[in-house]
Amino acid sequence: MNKKTLVIGASLNPSRYSNVAIKRLVGANQETVAFGLKDGSVSGVSIDTELVQYKDIDTVTLYLNPKRQAQYYDYIVGLNPKRVVFNPGTENAEFYALLKEHGIDYEVACTLVLLSTNQY
């Protein structure tokens, strides 16, 4: 099942987990869009440097530390995704509460592990 995914904190650096996640999402035939600080593309996915009101986002997967997430709370909630994945190092109880308030599920998990174990 295709779960359109937004990667927030996308990086052009191949050693960054967000970069690997984009490659694996594409490899798993998941429609993928990305937001990061530098424009470019990874596996054919353009990294947007401005916030886009994407439609039909199923999953937002975060690669930003909790301090940097706060500026994106309203944006992410406004996209109304089905879930937000908090990858290792992005855990954020304040954001969990906000998502819960808006009826958005969240998972503290690793996107790469979810994909490799067919639990995505």
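In which loop is Ser43 found? I would like to start there, and the answer is that Ser43 is found in the loop between β3, residues 40-42, and β4, residues 45-48. Before I go on, please keep in mind that what we are looking at is a predicted model.

Ser43 has a phi near 50°, which is a positive value in a residue other than glycine. For those of you who are new to this angle, most residues other than glycine have a negative phi. Ser43 has a relative accessibility of 42%, so it counts as partly exposed, a class that lies between 20% and 50%. There is also Asp56, which has a positive phi of about 55° although it is not a glycine, and which lies in the loop between β4 and β5. Asp56 has a relative accessible area of 70%, and because the exposed class begins over 50%, Asp56 is exposed.

Ser43 also leads us to a helix, since Val26 touches Thr32, Ser43 and Val45, not counting residues up to four places away in sequence. Val26 lies in helix α1, which covers residues 17-27, and with a relative accessible area of 30% it is partly exposed. If you compare Val26 with Thr5, you will find that they are 21 residues apart in sequence and 10.0 Å apart in space, taken from C-alpha to C-alpha.

Let me turn now to the strands. Strand β1 and strand β5 run parallel and are joined by four bridges, and in this pairing Val7 stands opposite Thr61 in β5. On its other pairing, β5 goes with β6 in the parallel sense, again over four bridges, and here Leu62 stands opposite Phe86 in β6. Strand β6, residues 83-86, in turn runs parallel to strand β7, residues 105-108, with four bridges joining them, and Val85 stands opposite Glu107 in β7. Between these last two strands in the chain comes helix α4, residues 93-101, and β6, α4 and β7 make a right-handed β-α-β unit.

Which way do the side chains of β5 point? In a regular strand the side chains alternate between the two faces of the sheet. In β5, Thr59 and Thr61 point one way while Val60 and Leu62 point the other way, and all of them are buried.

That brings me to the interior. In soluble globular proteins, nonpolar side chains tend to be buried together. The largest nonpolar core here has 22 residues, and the ones that touch the most other members are Leu6, Ile8, Val60, Leu62, Ile76, Val84 and Phe95. The elements that give two or more residues to this core are β1, β2, β5, α3, β6 and α4, and α3 gives the most, with five residues. To see what one member meets, take Leu6: leaving aside its neighbours within four places in sequence, Leu6 is in contact with ten residues if you read the full list, including Val33, Phe35, Tyr54, Ile57, Val60 and Leu79. Apart from this core lies another one, of 16 residues, among them Val7, Ala10, Val85 and Tyr120.My last topic is the aromatic rings, and the structure holds six aromatic pairs. A pair of aromatic rings is described by the distance of the centres and the angle of the planes. The rings of Phe86 and Phe95 have their centres 5.7 Å apart and their planes at 85°, so this pair is edge-to-face, and both Phe86 and Phe95 are buried. Phe86 also forms an edge-to-face pair with Tyr106, at 6.2 Å centre to centre and with 90° between the planes. This second pair links distant parts of the chain, with Phe86 in strand β6 and Tyr106 in strand β7, 20 residues apart.

Are the two partners of that pair buried or exposed, or something in between? Phe86 is buried, with a relative accessible area of 0%, whereas Tyr106, at 34% relative accessibility, counts as partly exposed. Taken together, ring pairs link Tyr73, Phe86, Phe95, Tyr96 and Tyr106 into a cluster. Finally, a ring can also have a charge for company: the charged end of Arg83 sits over the ring of Tyr120, 4.6 Å from its centre.

Notes. Residues are numbered from 1 along each chain as its sequence is written. This is a predicted model: local features need pLDDT of at least 70, side-chain atom pairs count only at pLDDT 80 or more; totals for chains, interfaces and linings use all residues. Side-chain values use heavy atoms; hydrogens and water are left out. Two strands pair if DSSP finds at least two bridges between them. A crossover is right-handed if, with the strands pointing away from the viewer, the path from the first strand over the helix to the second runs clockwise. A nonpolar core is a set of buried Ala, Val, Leu, Ile, Met, Phe, Trp, Tyr and Cys residues joined through side-chain atoms within 4.5 Å. Buried means under 20% relative accessible area, exposed over 50%, partly exposed in between (1.4 Å probe, protein chains only). Contact means heavy atoms within 4.5 Å. Rings of Phe, Tyr and Trp (its six-membered ring) pair if their centres lie within 6.5 Å; planes under 30 degrees apart count as stacked, over 60 as edge-to-face and the rest as tilted. A charge sits over a ring if NZ of Lys or CZ of Arg is within 6 Å of the ring centre and within 35 degrees of the ring normal.
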